[in-house]
Amino acid sequence: MNLDFMSLKTTSLAAVRDERQKEKTLERQKAQELEQAMLSERELNPYWKDGGTGLPPEKDEAALVKKVTVVEDAGLSWLRKSYQRMKEQAEREKRNFEEIVAERYGSMEIFQSRLEEAEKVASRKENYCRSGRWKKTDYSESKKEKKEQHMKKETRDEDDRN
């Protein structure tokens, strides 16, 4: 009971928060210094240079979704991908798109005809699958058909007995 309240050290909540904030900023600075020390001027990875994260920048999510291909589409997905690559090459090399198509396929008309054929075949296959031909067949028969088969079976049985 001889505790002297005036001799106790008191701190406010704001002071404690400020101290924690200062500690966090010091830790962040140390971490950044370590990263910079690890990076060298002779770094080969271009994503680490100039304070990068080491990973390439993420592209649009829509572009990643387009990569889905269809099985047995008569080469349609392959031709579309080829078309996209030719466009990119034309932009990269600053050449005419039709020249690049002519180098690969002979002429623009040949490429377009191949693309149209593949689209026709793919649409036919898609329509075939949608028409229900791939669905499980219904083996249920009408009552008349069942009666007829039963009658035929009975007559066969009677003929066999005779």
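Start by selecting Glu119: with a relative accessibility of 35%, this residue counts as partly exposed. Keep in mind as you click around that you're looking at a predicted model.

**Stop 1: from Glu119 across to helix 3**

With Glu119 still selected, add Arg80 and show both side chains. The two form a salt bridge, with the closest N and O atoms 3.9 Å apart. Arg80 is partly exposed too, at a relative accessible area of 48%. Now colour by helix and see what this contact joins. Glu119 sits in helix 5 (residues 108-130) and Arg80 in helix 3, so the pair ties together parts that are 39 residues apart in sequence. Side chains of opposite charge can pair when their charged atoms come close. How many salt bridges does the structure hold? There are five, and we'll come back to some of the others further on.

**Stop 2: along helix 3**

Select residues 76-93, which make up helix 3. This helix has 18 residues and reaches 26 Å from its first C-alpha to its last, close to the 26 Å expected at 1.5 Å a residue. Next, pick out Leu76, Leu79, Ser82, Met86, Gln89 and Ala90 and give them a colour of their own: they are buried. Turn the view until you look straight down the axis of helix 3. The buried residues fall within an arc of 145°, so they line one face of the helix. An α-helix has 3.6 residues a turn, so residues three or four places apart point the same way. For contrast, select Glu91 and Arg92, which are exposed on the other side of helix 3.

While you're here, try selecting residues 76-103. UniProt lists that stretch as "coiled-coil region", in an unreviewed entry. In the model, the chain over residues 76-103 is 89% helix and 0% strand, and its end C-alpha atoms are 20 Å apart.

**Stop 3: the loop after helix 3**

Move on to Lys94, which follows helix 3 and lies in the loop between helix 3 and helix 4. Is Lys94 buried or exposed? Exposed, with a relative accessible area of 75%. Check the backbone as well: phi of Lys94 is near 55°, a positive value in a residue other than glycine.

Now show the side chains of Glu93 and Arg95. They meet in a salt bridge, at 2.9 Å from N to O. Glu93 counts as partly exposed at 37% relative accessibility, and Arg95 is partly exposed with a relative accessible area of 29%. Leave Arg95 on screen and add Glu99: these two form a salt bridge as well, the closest N and O atoms being 3.9 Å apart. At 43% relative accessibility, Glu99 counts as partly exposed. Add Glu103 to complete the picture, since salt bridges that share partners join Glu93, Arg95, Glu99 and Glu103 into one network.

**Stop 4: helix 4 and its buried face**

Select residues 97-105 for helix 4. Which of its residues should you colour as buried? Phe97, Ile100, Val101 and Tyr105 are buried. Look down the axis once more: the buried residues of helix 4 fall within an arc of 105°, so they line one face of the helix. Just past the end of the helix comes Gly106, with a positive phi near 100°.

**Stop 5: the aromatic rings**

Last, hide the charged side chains and bring up the rings. A pair of aromatic rings is described by the distance of the centres and the angle of the planes. The count of aromatic pairs comes to three. Begin with Tyr83 and Phe97, an edge-to-face pair at 5.3 Å centre to centre, with 80° between the planes. Tyr83 lies in helix 3 and Phe97 in helix 4, so the pair ties together parts that are 14 residues apart in sequence. Compare their surroundings: Tyr83 is partly exposed, with a relative accessible area of 33%, whereas Phe97 is buried, at 17%.

Then go to Tyr105 and Phe111. This pair is tilted, at 4.8 Å centre to centre and 50° between the planes. Tyr105 and Phe111 are both buried. To finish, select Tyr83, Phe97, Tyr105 and Phe111 together: they form one aromatic cluster.

How values were computed. Residues are numbered from 1 along each chain as its sequence is written. This is a predicted model: local features need pLDDT of at least 70, side-chain atom pairs count only at pLDDT 80 or more; totals for chains, interfaces and linings use all residues. Side-chain values use heavy atoms; hydrogens and water are left out. Rings of Phe, Tyr and Trp (its six-membered ring) pair if their centres lie within 6.5 Å; planes under 30 degrees apart count as stacked, over 60 as edge-to-face and the rest as tilted. Helices (H or I, at least four residues) and strands (E, at least two) are DSSP runs, numbered from the N terminus. Buried means under 20% relative accessible area, exposed over 50%, partly exposed in between (1.4 Å probe, protein chains only). The arc is that of the directions from the helix axis to the C-beta atoms. The expected span of a helix is 1.5 Å times one less than its number of residues. UniProt positions are given in the numbering used here, feature names are shortened, and annotations may be inferred rather than shown by experiment. A salt bridge is a side-chain nitrogen of Lys or Arg within 4 Å of a carboxyl oxygen of Asp or Glu.
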